[in-house]
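The exercises below ask you to read a single chain from its core outwards, with a worked solution after each task. Please look through the sequence and the model before starting.

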Amino acid sequence: MAKLQSLDPITPMFAQFKEKTGPIVLANTFFVPKERTEAFLTLFRRQAEFMKAQPGFVSLQMHKGTADSQLLMNVAVWESTEALATAFGSPEFQRMAAEFPDDIVSYPHIFEQIDV
């Protein structure tokens, strides 16, 4: 299973699930060794299809770092933290998440849009 690391050690993603808010954006940056990129994307696509069918899902995009970077970033919009937490905690999603190799590191964080 991929290692989950917090971008903000004071407010990890699981603590963010407790705040009932929305809409929200899940930004999840992954460190993926080059030799695992295609296998990672195959597994991720399966997860994405599952998530797209969940209540409260809005949209999803995957991005790849430039200049031969080993980083990939998923940006997913959800109607609420509650919808994301429910989908994330489902047994089916957890089974798929367990398939990722241990050398992949995931840095998930939940954001709200603000006016600038």
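**Exercise 1. Find the largest nonpolar core of this predicted model, and state which residues have the most contacts inside it and which elements build it.**

Solution. The largest nonpolar core holds 17 residues, and Trp 78, Leu 84 and Ile 110 are those with the most contacts inside it. Two or more residues each come from strand S2 (24–31), helix H2 (37–52), strand S4 (71–78), H3 and helix H4 (91–97). Among these contributors, H3 gives the most, with 4 residues. A further core of 11 residues lies apart from this one, and Phe 30, Phe 40, Phe 44 and Phe 100 are among its members.

As a next step, take Ile 110 and set aside its neighbours within four places in sequence: the residues in contact with Ile 110 are then Met 13, Gln 16, Phe 17, Ile 24, Val 25, Leu 26, Thr 81 and Leu 84.

**Exercise 2. Determine which residues of helix H3 are buried, and explain how they are arranged around its axis.**

Solution. Helix H3 spans residues 81–89, and its buried residues are Thr 81, Ala 83, Leu 84, Ala 87 and Phe 88. When the helix is viewed down its axis, these buried residues fall within an arc of 160°, so they line one face of H3. The general background is that an α-helix has 3.6 residues a turn, so residues three or four places apart point the same way.

**Exercise 3. Work out the strand order of the sheet, and follow S4 through its pairings and its side chains.**

Solution. Begin with the order, which is S1-S5-S2-S4-S3 in an open sheet of 5 strands with mixed pairing. Strand S1 (3–4) and strand S3 (57–64) stand at the edges with a single partner strand each, so one side of each has no neighbour in the sheet.

Next, consider the partners of S4. S2 and S4 pair in the antiparallel sense over 8 bridges, and Ile 24 stands opposite Trp 78 in S4. S3 and S4 also run antiparallel, joined by 7 bridges, with Lys 64 opposite Leu 72 in S4. S3 and S4 form a hairpin with 6 residues between them, and Ala 67 in the turn has a positive phi of about 55°.

Finally, sort the side chains of S4. Leu 72, Asn 74, Ala 76 and Trp 78 point to one face and are buried, whereas Leu 71, Met 73, Val 75 and Val 77 point to the other face and are not buried.

**Exercise 4. Is Glu 79 buried or exposed, and which residues distant in sequence are in contact with it?**

Solution. Glu 79 lies in the loop between S4 and H3. Its relative accessible area is 52%, and exposed means over 50%, so Glu 79 counts as exposed. Once its neighbours within four places in sequence are set aside, Glu 79 is in contact with Thr 21, Gly 22, Pro 23, Gly 56 and Val 58. For Pro 23, the separation from Glu 79 is 56 residues in sequence, yet the C-alpha to C-alpha distance is 4.3 Å.

**Exercise 5. Describe the chain as a whole: what is the order of its elements, and what does its radius of gyration say about its compactness?**

Solution. The chain has 4 helices and 5 strands, which run β-α-β-α-β-β-α-α-β from the N terminus on. Its radius of gyration is 14 Å, close to the 13 Å that the globule rule gives for 116 residues, so the chain is as compact as a globular protein of that length. Of the 116 residues, 40% count as buried. Among the contacts with a separation of 6 or more, 76% are between residues 24 or more positions apart.

Note on methods: Residues numbered from 1 in each chain as written. Predicted model: local features only at pLDDT ≥ 70, side-chain atom pairs only at ≥ 80, totals over all residues. Heavy atoms only, no water. Buried < 20%, exposed > 50% of the residue type's maximum accessible area, 1.4 Å probe, protein only. Arc of directions from axis to C-beta. Core = buried A, V, L, I, M, F, W, Y, C linked by side-chain atoms within 4.5 Å. Contact = heavy atoms within 4.5 Å. Rg over C-alpha atoms; globule rule 2.2 N^0.38 Å. Pairing = 2+ DSSP bridges.
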